[in-house]
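Q: Hi! I've just loaded this one and would like to talk it through with you. Ready when you are.
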Amino acid sequence: SGTETVAAPLTQHTLMGLEEFSTYIITVRAVYNGMESDSVSTSATTLPSAPSGAPQNVSEVGVTSTSISVQWDQVPCIEQNSDNSYIVRYSNSTGETQMSPLQNSQMFTASGLTPNTTYSFQVAA
């Protein structure tokens with residue numbers, strides 16, 4: 001809980017020193033000569049910090065003519081943030097890249113792929 005005063009004519013302000021992955025209620029009101037306007041409130045949630053580690057042991061676990069499945073070990077607990085999400089990026093030999101965000105999953109299947117085409121996969125936490 002705290003109060004920050006922003007001098008006119010500013011209409012934006014950055015709050016610093018907030019806790020990661022926390023929801024805050026922000027209330028704004030105008031003050032002039034000691035008189036206050038009605039207030040307006042909104043809520044906002046800060047983002048979690050980036051994990052310091054990467055997913056381990058990424059491997060292919062299934063292949064068909066038009067799909068590839070990959071799996072990985074989760075980021076070690078000591079290197080995780082409070083969010084267990086991953087992003088899988090994959091691209092073909094021409095450089096066409098796809099990206100898929102995943103929540104609480106350690107396996108991904110890319111489907112609709114072109115037969116006889118080489119794909120590379122990258123998993124990030």
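Q: Which residues does Phe-108 touch, not counting residues up to four places away in sequence?
A: Happy to help! Bear in mind that this is a predicted model. With residues up to four places away left out, Phe-108 touches Ile-68, Ser-69, Val-70, Trp-72, Val-88, Tyr-90, Ser-100, Leu-102 and Phe-121.

Q: Nice. And which residues have the most contacts inside the largest nonpolar core?
A: Those are Trp-72, Val-88, Tyr-90, Phe-108 and Leu-113, in a core of 13 residues. At least two core residues come from each of strand 6, strand 7 (85–92), strand 9 and strand 10 (119–124).

Q: Switching to the sheet: in what order do strands 5, 6 and 9 sit?
A: The order is 5-6-9, in an open sheet with antiparallel pairing. Strand 5 (56–63) and strand 9 (107–111) are the edge strands, each pairing on one side only. On average, neighbouring strands here are turned by 20 degrees against each other, ignoring direction.

Q: How many bridges join strand 5 and strand 6?
A: Five, in the antiparallel sense, with strand 6 covering residues 67–73. As an example, Val-63 has Ile-68 in strand 6 as its bridge partner.

Q: Now pockets. How much space lies in the largest one?
A: About 1100 Å³.

Q: And what lines the largest pocket?
A: There are 24 lining residues, and Glu-4, Thr-5, Val-6, Thr-27 and Val-28 lie nearest the centre.

Q: Which strand gives the largest share of that lining?
A: Strand 1 (residues 23–28) does, with five residues.

How values were computed
Residues numbered from 1 in each chain as written. Predicted model: local features only at pLDDT ≥ 70, side-chain atom pairs only at ≥ 80, totals over all residues. Heavy atoms only, no water. Pairing = 2+ DSSP bridges. Helix = DSSP H or I, 4+ residues; strand = E, 2+ residues; numbered from the N terminus. Axes fitted to C-alpha atoms, helices over the stretch in contact; angles between N-to-C directions. Core = buried A, V, L, I, M, F, W, Y, C linked by side-chain atoms within 4.5 Å. Buried < 20%, exposed > 50% of the residue type's maximum accessible area, 1.4 Å probe, protein only. Contact = heavy atoms within 4.5 Å. 1 Å grid on protein atoms, 1.4 Å probe; cavity = no way out; pocket = protein on both sides within 12 Å on 5 of 7 lines; lining within 4 Å. Points joined across faces, edges and corners; volume = space filled by probe spheres on them.
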